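Trainee: Got a minute to go through this model with me? I'd like to hear the reasoning behind the labels.

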Amino acid sequence: MPDGPRSTSAPQERAALAALRAHHEEIGTAHLRDLFAEDPDRGRRLTAEGAGLYLDYSKHRVTDTTIRLLVGLAEEADLRARVEAMFNGEKINATEGRSVLHTALRRPRGDSLIVDGVDVVAEVHEVLDRMASFARSVREGAWRGHTGQRIVNVVNIGIGGSDLGPAMAYEALKHFSERSMTFRFVSNVDATDLTEALLGLDPSETLFIVSSKTFGTLETLTNARTAREWLLASAGGDQAAVAKHFVAVSTNAEKVAEFGIDPANMFGFWDWVGGRYSMDSAIGLSTMVAIGPERFEEMLAGFHDMDTHFRETALDRNLPVLTGLLGVWYRDFFGAQTVAVLPYEQYLKRFPAYLQQLTMESNGKRTTLAGVEVQQDTGAIYWGEPGTNGQHSFYQLIHQGTTLIPCDFIGFCRSLNPVGDHQDLLIANLLAQTEALAFGKTRAEVEAEGTAPELVPHRIFPGNRPSSTILARELSPRILGTLVALYEHAVFTQGVIWEIDSFDQWGVELGKALALRILPELSGDAEPAHDSSTNALLERVRSMRRETAE
Ligand code: F6P
């Protein structure tokens, strides 16, 4: 439960929660060993399939009753109606008064959705067409730099959703990317990020995509200005070079023009696309240049597959609903604080980082839509690393530590790089981990191996550590789309249960405002006026800088 004062006007608790609490009392300590022994079919039955993904949730601490009760909770929260409200463009982002329509970004050409008198699907395809012709001209060498050189380097400048999605998607789909080109991603205001990204690049062959929904983000504008100076320094200060080497992705045409980018070179999107839900909007321009418009379209089709599955499939067979509800089960009934996401696919190495923003910026909230304090824990901490690397690092704690960490294992039957027996070893490890986590190793088993008595307690694995296994054939653009949409909708499901606004992010504002106040104090232009710790730290930075300047 969150700290701090409780609201006195707490809402009436849902009946399903009381039933779930009673059920948790009954089965909360049941061991997966026993659940499997009593129900030999559960490994086949507690599964769901859709949009090219297979979900095995049998290694969770649930029974059929648990799923029935969790689905009852979703029904009581009116999940179905909330899903329809989202897909139809109602202003469900209440604190910002906005529709939430990332699902419109992947609706097929010819579909129509009228929101506030505008066909948003038609607008989406208009932008997609402009992106496609731009991406083609860069890939084919028709779009040239200021001096006539072919563009071979693309640097995306953005942060948060304007970076994590494109950076993750580029890594995930590198196999399909144009290998004669270089793609880099700059986000941090730390100049090291930009400096390192530009190392070895020839400005005359480099295109910057400045990605920012608001075009007001300090980090992005600072990096974009420095990148522009870098370009101009090599172009003898000729401002005309900017038009050939800078394009923008934004919802804010005015600010783009103010920065000096020709609005003709701007790709727009809309306030109904949240930053962390934007990798399939124009924010995906770098992805499209990397993999080509056709592959990008396949990715959108994958998103749409999962949208359709989410909207149309019964709740108890619905992958995002089950994933979201299992998250609620562990967070609110077992007190689990984190979820580990463990892709057994090197190309998904940035996927956990991407999910961190998606899940934690969305559901890291403590106030309900009605404006009162939540009565249960909300968003878990998401983290992870690709397998098998994590096995040789933090899995020890998941197996034998004192903290319960539900895990999502993600695996692919075929490798995009089929070499020797690597893929068999990879998949064998994935399956072995889920088995070891669920069933552990008992004292009797350890003793039967002839283990020295003093080592026996160290070699016991308690098991009963829950995991989902998500399988797909191979990591294609289409499957990447379905996978991302799976988590988007799981996050939404949880937000509905918790009655929070999963689409705002007020929690990032305070730090931004304070940083602007601290900035002039750092250089000594203003007197520090904070608490004694912040004042002393500021003073220490200033004195250390004076020393290093001497
Ligand atoms: O500060 C958080 C945030 O607003 C994210 O939600 C967003 O993805 C990121 O900053 C970048 O914002 P923008 O695309 O407007 O630069």
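**Reasoning through the model**

Mentor: Sure. It's a predicted model, and its secondary structure comes to 22 helices and 13 strands.

Trainee: What makes the protein as compact as a globular protein of that length?

Mentor: Set the radius of gyration against the globule rule: the protein has 25 Å, and the rule gives 24 Å for 550 residues. Those values are close, so the protein counts as being as compact as a globular protein of its length. As for the box, the C-alpha atoms fill roughly 75 × 60 × 55 Å along the principal axes.

Trainee: And how much of the chain is buried?

Mentor: Buried residues make up 53% of the 550, with under 20% relative accessible area as the cut-off. The exposed surface comes to about 24000 Å², and carbon and sulfur atoms supply 51% of that.

Trainee: What share of the contacts links residues far apart in sequence, say 24 or more positions?

Mentor: 74%, counting contacts with a separation of 6 or more.

Trainee: Why is Val 339 called buried?

Mentor: Its relative accessibility is 9%, and the label needs a value under 20%. So Val 339 counts as buried.

Trainee: Where is Val 339, and what is it in contact with?

Mentor: Val 339 is in strand β10, residues 338-344. Leaving aside neighbours within four places in sequence, its contacts are Ala 380, Ile 381, Tyr 382, Trp 383, Pro 406 and Asp 408. Take Pro 406: Val 339 and Pro 406 are 67 residues apart along the chain, yet their C-alpha atoms are separated by 5.3 Å.

Trainee: What makes helix α7 mostly covered?

Mentor: Count the residues: nine of the nine in α7 (164-172) are buried. Among them are Pro 166, Met 168, Tyr 170 and Glu 171. The cover includes strands β5 (153-157) and β6 (182-186), plus helices α12 (285-291), α15 (351-363) and α20 (477-498).

Trainee: How do you know that β1 and β2 are paired?

Mentor: Pairing takes at least two bridges, and four join β1 (residues 47-50) to β2 (residues 53-56). The two strands run antiparallel. Thr 47, for example, has Asp 56 in β2 as its bridge partner.

Trainee: Which residue in that hairpin takes a positive phi?

Mentor: Ala 51, near 55°, in a hairpin with two residues between the strands.

Trainee: Last one: how far apart are the centres of the positive and negative side chains?

Mentor: They lie 1 Å apart, for 52 positive and 74 negative side chains.

Methods. Residues numbered from 1 in each chain as written. Predicted model: local features only at pLDDT ≥ 70, side-chain atom pairs only at ≥ 80, totals over all residues. Heavy atoms only, no water. Rg over C-alpha atoms; globule rule 2.2 N^0.38 Å. Buried < 20%, exposed > 50% of the residue type's maximum accessible area, 1.4 Å probe, protein only. Contact = heavy atoms within 4.5 Å. Areas by Shrake-Rupley, 256 points an atom, 1.4 Å probe, with all protein chains shown as cover. Lys, Arg positive; Asp, Glu negative; His and termini not counted. Charge placed at Lys NZ, Arg CZ, Asp CG, Glu CD.
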